[in-house]
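Let's take a walk through a protein together, one part at a time. Have the sequence and the 3D view at hand as you read.

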Amino acid sequence: MNPYEQYMKEVSQPMRDELIEAGFQELTTTEDVDQFASTTEGKALVVVNSVCGCAAGLARPAAKASLNHSKKPEKLFTVFAGQDREATAKMREYLEGIEPSSPSMALMENGKVLHFIPREEIEDHQIEEIVDNLTNAYDKYL
């Protein structure tokens with residue numbers, strides 16, 4: 001691993017840990033993503049994590065806060081854009097017809113997108129607005 005990759009790994013680890021500690025399972029390889037898509041039954045929230053400021057200040061806190069809602073997905077997954085590139089690219093194949101966006105969040109069922117929140121609906125929004133976006137999707141689909 002070159003010094004830049006090592007540095008980015010160290011910088012991103014707390015950002016990974018924030019979601020892992022909230023119960024999200026990391027998908028770090030293409031095989032992990034394929035297994036998620038082919039074997040995960042029911043509804044799942046997938047967070048496309050990133051190191052950008054809107055991920056740190058808005059997306060991760062909103063994803064975690066949404067889990068306090070009376071309805072919530074039983075399964076939680078995350079891929080890390082810019083870090084686990086192959087896994088993120090593979091996940092984006094399952095986000096059919098949706099432009100790549102990070103951070104972003106998808107409520108999925110059996111590998112299909114039910115609701116998607118792109119970066120444009122995260123950046124420059126209040127955490128409460130993002131939580132409402134997620135919880136409204138939970139109310140609709142769960």
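The tour below goes from the sheet to the cores, then to a few single residues, and ends at a pocket. Keep in mind that this is a predicted model.

Let's begin with the sheet. Five strands come together here: 5 strands make an open sheet, in the order β1-β3-β2-β4-β5, with mixed pairing. Find the two ends of that row. β1 (25-26) and β5 (112-117) are the edge strands, and each has a single partner, so one side of each has no neighbour in the sheet.

Now move to β2, which covers residues 43-49. On one side, β2 pairs with strand β3 (residues 75-80) in the parallel sense, over 6 bridges. You can pick out matching positions between these two strands: Val-48 is opposite Val-79, and Val-47 has Thr-78 as its bridge partner in β3. β2 also pairs with β4, and here the two strands run antiparallel, joined by 6 bridges. For an example, look at Ala-44, which stands opposite Met-108 in β4. With a parallel partner in β3 and an antiparallel one in β4, β2 is a good place to see what mixed pairing looks like.

How many of the residues of β2 are buried? The count is 7 of 7, so to speak of this strand as mostly covered is fair. A general rule helps in reading this strand: side chains in a regular strand alternate between the two faces of the sheet. In β2, Lys-43, Leu-45, Val-47 and Asn-49 belong to one side, while Ala-44, Val-46 and Val-48 belong to the other. Both sets are buried, and both faces of the strand are covered.

Next, let's look at what gathers in the interior. In soluble globular proteins, nonpolar side chains tend to be buried together. The largest nonpolar core in this model holds 22 residues, and Phe-24, Leu-45, Val-47, Met-105 and Ile-122 have the most contacts inside it. Two or more residues come from each of β2 (43-49), α3 (53-66), β4 (104-109) and α5 (127-141). Of the contributors, α3 gives the most, with 6 residues.

Phe-24 is a helpful residue to zoom in on. Beyond its neighbours within four places in sequence, Phe-24 touches Leu-19, Leu-45, Val-47, Ala-63, Leu-67, Leu-76, Phe-77 and Thr-78. A second core, separate from the one just described, has 16 residues, including Met-91, Leu-95, Met-108 and Phe-116.

Helix α3 lets us compare two residues. Is Ser-66 buried or exposed? Ser-66 lies in this helix, and its relative accessibility is 0%, so Ser-66 counts as buried. Once its neighbours within four places in sequence are set aside, its contacts are Leu-45, Val-131, Leu-134, Thr-135 and Tyr-138. Gly-53 is in α3 as well, but its relative accessibility is 58%, so Gly-53 counts as exposed. The C-alpha atom of Gly-53 lies 8.8 Å from that of Glu-123, although these residues are 70 apart along the chain.

Some loops hold backbone details to look for. As a general guide, most residues other than glycine have a negative phi, and most peptide bonds are trans. Between Ser-102 and Pro-103 there is a cis peptide bond, with omega at about 0°. Pro-103 sits in the loop between α4 (85-94) and β4. Asn-110, in the loop between β4 and β5, has a positive phi near 50° and is partly exposed, with a relative accessible area of 44%. Asp-124 is in the loop between β5 and α5. Its phi is also positive, near 65°, and at 75% relative accessibility Asp-124 counts as exposed.

Our last stop is the largest pocket, with about 240 Å³ of space. Its lining is made up of Met-1, Tyr-4, Glu-5, Met-8, Lys-9, Arg-16, Gly-82, Gln-83, Asp-84 and Arg-85. Which element gives the largest share of this lining? That is helix α1 (residues 3-20), with 5 residues. By type, the lining divides into 3 nonpolar, 2 polar and 5 charged residues.

Definitions and conventions
Residues numbered from 1 in each chain as written. Predicted model: local features only at pLDDT ≥ 70, side-chain atom pairs only at ≥ 80, totals over all residues. Heavy atoms only, no water. 1 Å grid on protein atoms, 1.4 Å probe; cavity = no way out; pocket = protein on both sides within 12 Å on 5 of 7 lines; lining within 4 Å. Points joined across faces, edges and corners; volume = space filled by probe spheres on them. Helix = DSSP H or I, 4+ residues; strand = E, 2+ residues; numbered from the N terminus. Nonpolar A, V, L, I, M, F, W, Y, C, P; charged D, E, K, R; others polar. Core = buried A, V, L, I, M, F, W, Y, C linked by side-chain atoms within 4.5 Å. Buried < 20%, exposed > 50% of the residue type's maximum accessible area, 1.4 Å probe, protein only. Contact = heavy atoms within 4.5 Å. Pairing = 2+ DSSP bridges.
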